[in-house]
Amino acid sequence: MNKTIFSRGGALEKILDVYSRWYILHNESATALKEVDSSDDSCSEITLVSSGRMDEEEGAFVMTRKVVIWEAQSHEYVYFFNVGHLTMVALEKALEESYKRGMECIVPGPEHRCSYIATVIVASSADDEAIRHISKFQKRENFKMSFHGWMDQMVSLVIPEKIIVSPGSKRMEDILEYSLDPEGFKEKRRGIKGFIRKIFR
């Protein structure tokens, strides 16, 4: 990402376009992306732009799907935020809002394996404190000692020339890298260096 041409609206548009290929997205804001571009970069007010979900189901059956040996469901709930300058207050607000909305969607039970609540924040700049918090952020909750699955919360930040993700969020980092620079993403994964990066990332 080139800092001189970075556009929050443009970045959000690319990210949402790629996510829409695998996730069911829902618009959460009346603010158009082109209007986001002209907002004051010094503003720390954070806006929920869109939300999405992806559901996966695995199982084993005998002859027919009516005879189930085992079944497991995984879900991901992702929330996309826009802000001019990310402060700790704005970050905590986004994490809290994502957590609240995501937990309302989770239905623990014998078939529930895991659910992920992901927060994606696009900003023009960020406080060092907020960046450090994201790079160390980890939150997990178990349901009935994991017999009914668990929840992991993740967070990522996109700012000019940088993507910061919380531990265990490499898949989200890959999606964001591909969204913003598809050719650069593919190039980094070619050849021996790309192979090694995939193994030891």
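## Aromatic rings and helices in a predicted model

Lys139 lies over the face of Tyr99, 3.8 Å from the centre of the ring. The structure described here is a predicted model. This report considers its aromatic rings, then two of its helices, and finally its cysteines.

### Aromatic pairs

The number of aromatic pairs comes to 3. One of them joins Tyr19 and Tyr23, whose ring centres are 4.9 Å apart and whose planes meet at 55°, a tilted arrangement. Both partners are removed from the surface: Tyr19 is buried, with a relative accessible area of 0%, and Tyr23 is buried as well, with a value of 6%.

The rings of Tyr178 and Phe185 also form a pair, with 5.8 Å between their centres. Because their planes stand at 80°, and an angle over 60 degrees counts as edge-to-face, this pair is edge-to-face. Tyr178 is partly exposed, at 21% relative accessibility, whereas Phe185 is buried, at 14%. The cut-off explains these two labels, because a residue counts as buried under 20% relative accessible area.

Tyr19 and Tyr23 also belong to a wider group, since together with Phe80 they form one aromatic cluster.

### Two helices

The following table sets out helices H1 and H3.

| Helix | Residues | Number of residues | End-to-end C-alpha distance | Expected span |
|---|---|---|---|---|
| H1 | 8-19 | 12 residues | 16 Å | 16 Å |
| H3 | 88-105 | 18 residues | 26 Å | 26 Å |

For H1, the distance between the end C-alpha atoms agrees with the span expected at 1.5 Å a residue. In H3, the reach from the first C-alpha to the last is likewise close to the expected value.

The buried residues of H1 include Arg8, Leu12, Ile15 and Tyr19. Tyr19 is thus a buried residue of this helix and a partner of Tyr23 in the tilted pair.

Where do the buried residues of H3 fall, seen down the axis of the helix? In H3, Met88, Ala90, Leu91, Ala94, Leu95, Ser98 and Gly102 are buried. Viewed down the axis, the buried residues fall within an arc of 160°, so they line one face of H3. The face turned away from this buried side carries the exposed residues Val89, Glu96 and Glu104.

### Cysteines

How many disulfides does the structure hold? The count is 0. Among the cysteines, Cys105 is partly exposed, with a relative accessible area of 31%, while Cys114 is buried, at 4% relative accessibility.

Notes. Residues are numbered from 1 along each chain as its sequence is written. This is a predicted model: local features need pLDDT of at least 70, side-chain atom pairs count only at pLDDT 80 or more; totals for chains, interfaces and linings use all residues. Side-chain values use heavy atoms; hydrogens and water are left out. Rings of Phe, Tyr and Trp (its six-membered ring) pair if their centres lie within 6.5 Å; planes under 30 degrees apart count as stacked, over 60 as edge-to-face and the rest as tilted. Buried means under 20% relative accessible area, exposed over 50%, partly exposed in between (1.4 Å probe, protein chains only). A charge sits over a ring if NZ of Lys or CZ of Arg is within 6 Å of the ring centre and within 35 degrees of the ring normal. Helices (H or I, at least four residues) and strands (E, at least two) are DSSP runs, numbered from the N terminus. The expected span of a helix is 1.5 Å times one less than its number of residues. A disulfide is a pair of cysteine sulfur atoms within 2.5 Å. The arc is that of the directions from the helix axis to the C-beta atoms.
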